[in-house]
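Work through the exercises below with the structure open beside the text. Each task is followed by a solution in steps.

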Amino acid sequence: MAKIIVHGGKRIRGEVTIGGAKNSTVALIPAAILADTPVKFDTVPQILDVKNLQLILQAMNVTSKFENGVLDIDPTRIEESDLPSGAIKSLRASYYFMGALLGRFGRATVTFPGGDNLGRRPIDQHIKGFEALGAVVTESNDIIHIDATDHGLIGARIALDTVSVGATINIVLAAVRAKGQTVIENAAREPEIIDIATFLNNMGANIRGAGTDTIRIAGAPTLKARNTHTVIPDRIEAGTYMSMAAAYGDGVTIKNVIPEHLESYTSKLIEMGVNLDIGEDAVHVYKSDALKPVAIKTMPYPGFATDLQQPITPLLLIAQGESTIIDTIYPKRVKHIAELRRMGGDIASAKPGEIKINQSPRLVGTDVEAAEIRAGAALVIAAIMADGETIINNADHILRGYDRIQEKLTSLGADINIEGIDLINLMP
């Protein structure tokens with residue numbers, strides 16, 4: 001397992017450029033197997049999840065090449081085969097191969113996906129969508145079988161019981177080559193869904209309404225890539241660096257940002273008293289003093305993202321009073337609390353889904369564990385703020401979601417080193 005070693009107490013300054021969105025990339029790569037031509041993506045983040053998805057592609061005889069942020073995928077010789085359970089279990093987003101394989105072959109067999117331990121995250125809405133399209137879904141020994149080969153996939157009206165990004169994308173991937181029209185009601189509205197729809201539409205799909213709560217899909221018989229798809233900027237990475245800059249920066253410019261994707265987040269920073277200069281595609285965070293506490297409640301987009309509740313936590317530790325976070329999406333997303341307490345943070349979870357954060361004048365470096373991606377990001381920020389050395393174990397989780405984090409933080413003046421992994425190839 002990789003570990004990140006941070007010598008804290010060095011304030012950051014300068015510029016950092018945000019990479020492509022992880023939450024788009026992990027869906028775009030499975031979506032690529034729907035194409036009847038080679039596919040090219042650029043601004044792809046250099047993260048472990050991409051490597052694991054490439055291993056899954058390789059098992060299906062889909063070749064891929066990833067270099068300098070450009071990912072080439074050739075699915076023209078794709079074969080149905082057993083997918084590597086290790087790679088499947090390493091990331092939750094591997095479940096997008098369910099919808100993609102179903103759309104491509106009319107059937108899919110996938111090991112139940114893994115990923116971050118954020119509590120129970122059922123896939124019942126995914127299954128509801130597949131069944132509405134005419135598939136038969138069975139499960140045995142942690143393996144899910146989805147089959148629509150008898151009659152093929154037929155468009156249907158699907159009303160999701162809860163807003164789910166994963167289910168919305170998976171149903172789109174299955175329906176994009178189904179016969180007839182599919183309507184998804186109560187669909188998720190995240191920017192990453194618009195990104196997936198844009199990619200598919202540019203190949204000849206007919207998807208309307210992405211970004212609203214009703215998506216309409218007219219099935220297309222073939223999909224052919226005609227140009228390179230540029231992945232949208234990662235709003236979660238951007239928010240993480242904004243929190244870091246506000247907590248321990250002397251002026252940081254965060255480039256390659258779509259500010260509209262972060263409005264619920266930046267509004268909370270402004271409410272705290274963080275001084276921001278928001279441009280068309282960049283945000284400058286000035287040195288902040290005398291910050292006020294805030295109350296945060298995570299909600300589906302365009303609300304405050306659950307993926308940003310942990311990265312903002314170290315910033316709340318320097319606010320002058322008690323802040324509250326209520327996570328309505330993943331109430332068990334509290335793996336960072338015990339570790340921040342070990343560093344001197346006054347933070348506790350009074351009841352499920354509710355976190356109380358009080359001003360903590362001094363953080364001290366120590367050994368901590370990154371239980372998942374965003375918890376790890378919170379620990380990196382706290383380590384930069386802390387006195388002395390912090391060793392973050394299980395840092396593979398952080399590398400799953402943050403593009404070239406050592407390179408970027410070093411350029412900002414942080415003292416950070418990653419051990420136990422080849423950062424060029426992102427392999428242990």
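## Exercise 1: a buried ion pair

Arg333 is buried, with a relative accessible area of 2%. The model is a predicted one.

Task: find which residue meets the side chain of Arg333 in a salt bridge, and say where the two residues lie.

Solution.
- Step 1. The partner of Arg333 is Asp307, with 2.8 Å from N to O.
- Step 2. Arg333 sits in the loop between β18 (322-327) and α11 (335-342), and Asp307 in the loop between β17 (295-298) and α10 (313-316). The two are 26 residues apart, so the salt bridge links distant parts of the chain.
- Step 3. Buried means under 20% relative accessible area. Asp307 has 14% and is therefore buried.

## Exercise 2: other salt bridges

Task: state how many salt bridges the structure holds, and work out what the pair Lys3 and Glu419 ties together.

Solution.
- Step 1. The total is 27 salt bridges.
- Step 2. In one of them, Lys3 pairs with Glu419, and the closest N and O atoms are 4.0 Å apart.
- Step 3. Lys3 belongs to strand β1 (residues 3-7) and Glu419 to strand β23 (residues 415-419), so this pair ties together parts that are 416 residues apart in sequence.
- Step 4. Lys3 is partly exposed at 29% relative accessible area, and Glu419 is partly exposed at 34%.

Task: for the salt bridge between Lys351 and Glu354, decide whether Lys351 is buried or partly exposed, and whether Glu354 is buried or partly exposed.

Solution.
- Step 1. The side chains of Lys351 and Glu354 meet at 3.8 Å, N to O.
- Step 2. Lys351 has a relative accessible area of 48% and is partly exposed.
- Step 3. Glu354 has 13% and counts as buried.

Task: name the residues that are linked in a network of salt bridges with Arg404.

Solution. The network links Arg404 with Glu237, Asp403, Glu407 and Lys408.

## Exercise 3: aromatic rings

Task: count the aromatic pairs, then describe the pair formed by Phe41 and Phe199.

Solution.
- Step 1. There are 3 aromatic pairs in the structure.
- Step 2. Phe41 and Phe199 form a tilted pair, 5.0 Å centre to centre with 50° between the planes.
- Step 3. Phe41 is in strand β3 (residues 39-42) and Phe199 in helix α7 (residues 191-202), so the pair ties together parts 158 residues apart in sequence.
- Step 4. Phe41 is buried at 1% relative accessible area, and Phe199 is buried at 4%.

Task: explain why the pair of Tyr265 and Phe304 is classed as it is.

Solution.
- Step 1. The ring centres of Tyr265 and Phe304 are 5.6 Å apart and the planes stand at 45°, so the pair is tilted.
- Step 2. Tyr265 lies in helix α9 (residues 263-272) and Phe304 in the loop between β17 and α10, 39 residues apart.
- Step 3. Both Tyr265 and Phe304 are buried.

Task: state which ring lies under the charged end of Arg11.

Solution. The charged end of Arg11 sits over the ring of Tyr248, 4.9 Å from the ring centre.

## Exercise 4: strands and helices

Task: give the strand order of the open sheet that contains β1, then place helix α12 against this sheet.

Solution.
- Step 1. The order of the 4 strands is β21-β22-β1-β23, with mixed pairing.
- Step 2. β21 (367-369) and β23 are the edge strands, each pairing on one side only.
- Step 3. Neighbouring strands are turned by 20° against each other on average, direction ignored.
- Step 4. β1 and β23 are antiparallel, with 5 bridges; Ile4 stands opposite Ile418 in β23.
- Step 5. Helix α12 (residues 373-385) packs on the sheet and touches β1, β21 and β22 (389-393). The direction of α12 makes about 170° with that of β22.

Task: find which strands pair with β16.

Solution.
- Step 1. Strand β14 (residues 249-255) pairs with β16 (residues 282-285) in the antiparallel sense over 4 bridges. Ile254 has Val283 as its bridge partner.
- Step 2. Strand β15 (residues 276-278) also runs antiparallel to β16, joined by 3 bridges. Here Leu276 is partnered by Val285.
- Step 3. β15 and β16 form a hairpin with 3 residues between them.

Task: explain why helix α1 (residues 22-31) is described as largely enclosed.

Solution. In α1, 9 of the 10 residues are buried, so the helix is largely enclosed by the rest of the structure. Among them are Lys22, Val26 and Pro30.

Key: Residues numbered from 1 in each chain as written. Predicted model: local features only at pLDDT ≥ 70, side-chain atom pairs only at ≥ 80, totals over all residues. Heavy atoms only, no water. Buried < 20%, exposed > 50% of the residue type's maximum accessible area, 1.4 Å probe, protein only. Phe/Tyr/Trp six-rings, centres within 6.5 Å; stacked < 30°, edge-to-face > 60°. Lys NZ or Arg CZ within 6 Å of the ring centre and 35° of its normal. Pairing = 2+ DSSP bridges. Axes fitted to C-alpha atoms, helices over the stretch in contact; angles between N-to-C directions. Contact = heavy atoms within 4.5 Å.
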